[in-house]
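Trainee: Could you take a close look at one part of this model with me, and then show me what lies around it? I would like one connected account rather than a list.

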Amino acid sequence: MALSADRRFTLRMAIALGLIVALPFAFGLAMHWVFFEVVPTLYAAWVSGVPTDGIQAPGANGLGVSYFALTGLLVAGLVAQFVFGDRFALRSSGARRVDREDRPDLHARVDRLAQRADLPAADVAVVREDAVPNAFAVGRSPRSSTVVVTQGLLDTLDGDELDAVIAHELAHVKNRDGALMTVAYLLPSLTYAVAAAAYFLLIHSPRTLLYADFDVDDDAGPAILGIVAVFLVTSLLTLLLSALFWAASYLMHRILSRYREYAADRGAAALTDPFALASALEAIDEEMQAAPDTDLRLEDGGIEALYVAPLETELFDRDDDALLSRDIFPATHPPTDERIGRLTDAGEERY
């Protein structure tokens, strides 16, 4: 039977898409306010001695043109993430596309399930070096999609279980959520980088200034202190704003990631046997728990939200050197036990 797109998830994707577009622009405007309004005002007031109420707004002195550059940069970033996001996912995971002669059985499975879901035939890629069982799908549209499986998945599953996992990934293709997830990760990546840079400057700049040997006269001293004060205030505002936007965008990304897995599970259950996917998830989870940290780190590649099964385990801690622990946010995937329970209920209703 043909697989229809999940309407509930489509509505949530539409809302998420609006936030994905709006939040980067809001962050850009906030940074514009810091650097083109706060900084000139503080510099004039503290360094030049000009009263703050005498400072012109940036738009009045020609700096408003930066809004056009800001818009262009953000649009270019979103477009680039949309166009090249799937390539990044394939490269970071170490996946390589395979032809029909190399993997005829795997291609036949994907083609058969894609036809059942009323989807174009998808490309197939395999992560050969990965012993951990997992899978994901990427692509800007169903016509340019790629189903990726690890060698560990092919070694662990076969028959109906392997079909169910592939159907799960094709459900992602049907829902068109892979591209959305890659674009949604633009703002968390950008804001975290900005926050980390501002945090580094705040921590190390005072230490550098403390040991610096300035050869200045008494008249220049207050001006230098003013510049330092402006620099520190700017860094602090940048850190606070970027951390705020990072937390909001990262939370949205994780919530969307969790719901997309439920939607893909429902799609796979409609295409194949729900009990087969439940059994496959259980087998993958057992293998994941027993996998060494090095194998999990190899599989991670920054795309853990795309996988059919989560990478988070008690033994796999990637946040030792993070600016803010990601453990305070929801996991990228729903609990496996809960997913298995829903699939079991769906199977009992069907049979």
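Mentor: Happy to; what follows starts from one helix and works outwards.

First, the ground rules. This is a predicted model, in which local features need pLDDT of at least 70 and side-chain atom pairs count only at pLDDT 80 or more, while totals for chains, interfaces and linings use all residues. Residues are numbered from 1 along each chain as its sequence is written, and side-chain values use heavy atoms, with hydrogens and water left out.

Our part is helix α5, residues 159-175. Helices here are DSSP runs of H or I with at least four residues, strands are runs of E with at least two, and both are numbered from the N terminus. The end C-alpha atoms of α5 are 25 Å apart, which agrees with the 24 Å that its 17 residues should span at 1.5 Å a residue; the expected span is 1.5 Å times one less than the number of residues. Of those 17 residues, 14 are buried, so α5 is mostly covered. Buried means under 20% relative accessible area, exposed means over 50%, and partly exposed is the range in between (1.4 Å probe, protein chains only).

Now look at what comes before the helix. Leu157 sits in the loop between α4 (151-156) and α5, and Leu157 counts as buried because its relative accessibility is 2%. Follow this residue through space and you reach Ser279: the two are 122 residues apart along the chain, yet their C-alpha atoms are separated by 9.7 Å.

Within α5, which residue does Arg109 meet in a salt bridge? The partner is Asp163, with an N to O distance of 2.8 Å. Since Arg109 belongs to helix α3 and Asp163 to helix α5, the pair ties together parts that are 54 residues apart in sequence. Both side-chain owners, Arg109 and Asp163, are buried. A salt bridge here is a side-chain nitrogen of Lys or Arg within 4 Å of a carboxyl oxygen of Asp or Glu, and by this rule the count comes to twelve.

Stay with α3 (residues 104-116) for a moment, as Arg112 lies there too. Arg112 and Ala167 are 55 residues apart in sequence, with C-alpha atoms 9.9 Å apart in space. Arg112 counts as partly exposed because its relative accessible area is 35%. A general point about helices is handy here: an α-helix has 3.6 residues a turn, so residues three or four places apart point the same way.

Two neighbouring stretches of α3 are worth a glance. In the loop between α3 and β2 you will find Asp118, whose phi is near 60°, a positive value in a residue other than glycine. Asp118 counts as exposed because its relative accessibility is 53%. On the other side, Asp102 forms a salt bridge with Arg128, the closest N and O atoms being 2.8 Å apart. That pair links distant parts of the chain, 26 residues apart: Asp102 is in the loop between β1 (96-97) and α3, and Arg128 in the loop between β2 (123-127) and β3 (135-138). With relative accessible areas of 40% for Asp102 and 38% for Arg128, both count as partly exposed.

Back to α5, and on to what follows it. Just after the helix, Arg176 takes a positive phi of about 60°. Arg176 occupies the loop between α5 and α6, and it counts as exposed because its relative accessible area is 51%. The next element gives another picture: in α6, eight of eight residues are buried, including Asp177, Gly178 and Met181.

Asp177 has a partner as well. Arg260 forms a salt bridge with Asp177, with 2.8 Å between the closest N and O atoms. Arg260 lies in helix α8 (residues 220-271) and Asp177 in helix α6 (residues 177-184), so with their 83-residue separation the pair links distant parts of the chain. Both Arg260 and Asp177 are buried, and they belong to a network of salt bridges that also takes in Glu261, Asp265 and Arg339.

To retrace the walk: Asp163 pairs with Arg109 of α3, Arg176 has its positive phi just after α5, and Asp177 of α6 pairs with Arg260 of α8.
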